[in-house]
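Thanks for coming. I will go through one structure today, starting with the overall layout and then moving to a few single residues.

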Amino acid sequence: VYLRSHLHNLHSPEKWLEKGRAILPEEEKQPIKEVKSIKSSLDPFGVHDQTKLYGKWQTQRFQPLTVHPGDKIPTNKYGNVYLFHPWMIPRNTVHLRV
């Protein structure tokens, strides 16, 4: 029997990013738990990696990159900017709401 205060939520790195947090570099190779990934309809062979789960103590607040004049805005592999919270805007840039 455990007290609820002794339990912690674990999330994947992608979910922590949505919450505005990033995995600490020294913790990336030490997940608390690894679970089977959910089968993707895009993967016809059913080969899946393990999903690594981390606790909040293994993360830090997301630190946006600094963009200088003439630099490209950093994007993910789909060409999107991670902007889940106001503090995630790359430094020296402005978010214009239209």
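The chain has four strands and one helix. Read from the N terminus, the order of the elements is α-β-β-β-β. Please keep in mind that this is a predicted model. The mean pLDDT over the chain is 88, and 90% of the residues score at least 70. Which elements mark the two ends of the confidence range? Strand 4 has the highest mean pLDDT, at 96, and strand 2, residues 33-36, has the lowest, at 89.

Some totals next. The chain has 98 residues, and 22% of them count as buried. The exposed area is about 8500 Å², with carbon and sulfur atoms supplying 55% of it. Taking contacts between residues at least 6 apart in sequence, 62% join residues at least 24 apart.

Now the single residues, from the N-terminal side. L10 is in the segment before helix 1. L10 counts as partly exposed because its relative accessibility is 26%, and the range for that class runs from 20% to 50%. What does L10 touch, if we skip residues up to four places away in sequence? The list is I32, K33, L53, Y54, G55 and W57. For K33 there is also a distance: its C-alpha atom is 8.2 Å from that of L10, and the two residues are 23 apart along the chain.

On to helix 1, which covers residues 13-18 and contains both K15 and E18. These two are three residues apart, about one turn of the helix. Their side chains form a salt bridge, with an N to O distance of 3.3 Å. In general, side chains of opposite charge can pair when their charged atoms come close. How many salt bridges are there by this rule? The count is one. Are the two partners buried, exposed or in between? K15 is partly exposed at 37% relative accessibility, and E18 is partly exposed too, at 39%.

Next is Q58, in the loop between strand 3, residues 50-53, and strand 4. Is Q58 buried or exposed? Its relative accessibility is 1%, so Q58 counts as buried; the cut-off is under 20%. Leaving out neighbours within four places in sequence, Q58 is in contact with A22, I23, L24, E27, Q30, I32 and L53. With one of these, E27, the side chain of Q58 makes a polar contact of 2.9 Å. Two names on the Q58 list, I32 and L53, were also on the list for L10.

After strand 4, which spans 59-61, comes the segment that holds I73. I73 is partly exposed, with 40% relative accessibility. Which residues make a nonpolar surface patch with I73? They are V81 and L83, and the patch measures about 210 Å².

The last residue is N92, also in the segment after strand 4. N92 is exposed, at 59% relative accessible area. Its phi is near 70°, a positive value in a residue other than glycine. Most residues other than glycine have a negative phi.

To recap three points: Q58 is buried, K15 and E18 meet in a salt bridge, and I73, V81 and L83 make a nonpolar surface patch. That is the end of the talk.

Methods. Residues are numbered from 1 along each chain as its sequence is written. This is a predicted model: local features need pLDDT of at least 70, side-chain atom pairs count only at pLDDT 80 or more; totals for chains, interfaces and linings use all residues. Side-chain values use heavy atoms; hydrogens and water are left out. Buried means under 20% relative accessible area, exposed over 50%, partly exposed in between (1.4 Å probe, protein chains only). Contact means heavy atoms within 4.5 Å. Accessible areas come from the Shrake-Rupley method with a 1.4 Å probe; for residues, only the protein chains shown count as cover. Patches are made of residues with over 30% relative accessible area and no salt bridge: like charges are joined within 9 Å, nonpolar side chains (Val, Leu, Ile, Met, Phe, Trp, Tyr) within 5 Å. A salt bridge is a side-chain nitrogen of Lys or Arg within 4 Å of a carboxyl oxygen of Asp or Glu. A polar contact is a pair of N or O atoms within 3.5 Å; within protein, one must be able to donate a hydrogen and the other to accept it, and residues adjacent in sequence count only if both atoms are side-chain atoms. pLDDT is the predictor's confidence in each residue, from 0 to 100.
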